[in-house]
Amino acid sequence: MAAARKRRGAAARKRRERRLRGALVAGGVGVVLLVAFRDAVWPYLVGLVLGGAAAGGWWLWRIDRLLRGGDRRWRQEEAVRAGHRTLAEVDAMTGTEFEDFVVDLRRRDGCVEARRVGGSLDNGADVRGVLPDGRSMVIQCKRYTPRSGIPSREVRDLLGAKAHFKADVAVFVATTYFSGPAERFATENEILAVHRDHFGLWNNGASLLSLAAVNGLGQGDRRHRARWKRTYD
């Protein structure tokens, strides 16, 4: 048995030696041919190397782009999930908690320096901040029951706050609907009036400023509001 293993080991060593000698001979022949025909072969080698480098660079860029895109989508989805509350949970908040929640939603949208300033001396603004495009912003927040409408005088107060703080954008965020005069006053004075339906869209991931395209819409006619009141009464 020992002699047989010894013979098999010797045979394996010989095979490895033959393969090594073959590889060395092939390598040597390749080097000789490369030197002999370097003027003809050199452009192809350069093209092959450059093409491989370009393909490798493109592949790495593509992978990086896919990873970064996936990471951005994941972070955005996580931010929406982290900030999302049902409207029933929002209705159960205190006024201060609702203001803090609005601050969180603004930060999710990329607003910088978003902070709550509500209180007895808030001068008509509950939240202030700076939009991603650099414009200043004031927000009035009203966490009312769904059956209590927003009167026009409260929207007028926000217009005064916009002038007081010299803000570029004014937003009125409510958990209910706006009265007809309040809604008209808001649209006529370029105040973004976010009623309950639009707040639900914002809460579910839409950006706040995207709602400007439907400002003054979505509350329906008088019959719609009557059904709204019956629902929440």
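**Exercise 1. Following strand β3**

Task: Find the bridge partner of Q140 in β4, then work out how β3 sits among the other strands.

Solution:
- Step 1. Start at Q140: the residue that bridges to it from β4 is F172. Keep in mind as you look that this is a predicted model.
- Step 2. Widen the view to the two strands. β3 and β4 run parallel, and 6 bridges join them.
- Step 3. Turn to the other neighbour. Strand β2 (residues 127–130) pairs with β3 in the antiparallel sense, over 4 bridges. Here V130 faces S136 of β3.
- Step 4. Look at the turn of this hairpin. There are 5 residues between β2 and β3, and G134 takes a positive phi near 100°.
- Step 5. Judge how enclosed β3 is. Buried means under 20% relative accessible area. In strand β3 (residues 136–142), 5 of the 7 residues are buried, so the strand is largely enclosed by the rest of the structure.

**Exercise 2. Reading ring pairs**

Task: Find out how the rings of F101 and F199 are arranged, and do likewise for F172 and F178.

Solution:
- Step 1. Know what to look for. A pair of aromatic rings is described by the distance of the centres and the angle of the planes.
- Step 2. Search the whole structure: there are 4 aromatic pairs.
- Step 3. Take F101 and F199. Their ring centres are 6.2 Å apart and their planes meet at 70°. Planes over 60 degrees apart count as edge-to-face, so this pair is edge-to-face.
- Step 4. Place the two residues in the chain. F101 belongs to helix α4 and F199 to helix α7 (residues 196–203); with their positions 98 residues apart, the pair links distant parts of the chain. Both F101 and F199 are buried.
- Step 5. Now take F172 and F178. With centres 5.4 Å apart and planes at 75°, this pair is edge-to-face. F172 and F178 are buried as well.
- Step 6. Look around F101 once again. F98, F101, F199 and W202 make up one aromatic cluster.

**Exercise 3. Two loop residues**

Task: Decide whether T176 is buried or exposed, and do the same kind of check for G110.

Solution:
- Step 1. Locate T176 in the loop between β4 (169–174) and α6 (180–188).
- Step 2. Check its accessibility. T176 has 0% relative accessibility, so it counts as buried.
- Step 3. Follow the side chain of T176. It reaches the backbone oxygen of P146 at 2.8 Å and the backbone oxygen of T145 at 3.5 Å.
- Step 4. Move to G110, in the loop between α4 (95–108) and β1 (112–116). Its relative accessibility is 32%, so G110 counts as partly exposed.
- Step 5. Find a partner in space. P132 is 22 residues from G110 in sequence, yet their C-alpha atoms are 5.8 Å apart.

**Exercise 4. Exploring a pocket**

Task: Describe the largest pocket by its space and by the classes of its lining residues.

Solution:
- Step 1. Note the space in the largest pocket: about 160 Å³.
- Step 2. Find the lining. Among the lining residues are R135, K162, D168, V169, A170 and N215.
- Step 3. See which elements give two or more residues to this lining: they are β4 and β5 (191–194).
- Step 4. Sort the lining by class. It has 6 nonpolar, 1 polar and 4 charged residues.

Methods: Residues are numbered from 1 along each chain as its sequence is written. This is a predicted model: local features need pLDDT of at least 70, side-chain atom pairs count only at pLDDT 80 or more; totals for chains, interfaces and linings use all residues. Side-chain values use heavy atoms; hydrogens and water are left out. Buried means under 20% relative accessible area, exposed over 50%, partly exposed in between (1.4 Å probe, protein chains only). A polar contact is a pair of N or O atoms within 3.5 Å; within protein, one must be able to donate a hydrogen and the other to accept it, and residues adjacent in sequence count only if both atoms are side-chain atoms. On a 1 Å grid over the protein atoms alone, a cavity is a set of points where a 1.4 Å probe fits but cannot get out, and a pocket is an open set with protein on both sides within 12 Å along at least five of seven lines; lining residues have an atom within 4 Å of a point. Grid points are joined across faces, edges and corners, and a volume is the space filled by probe spheres set on the points. Ala, Val, Leu, Ile, Met, Phe, Trp, Tyr, Cys and Pro count as nonpolar, Asp, Glu, Lys and Arg as charged, and the others, Gly among them, as polar. Rings of Phe, Tyr and Trp (its six-membered ring) pair if their centres lie within 6.5 Å; planes under 30 degrees apart count as stacked, over 60 as edge-to-face and the rest as tilted. Two strands pair if DSSP finds at least two bridges between them.
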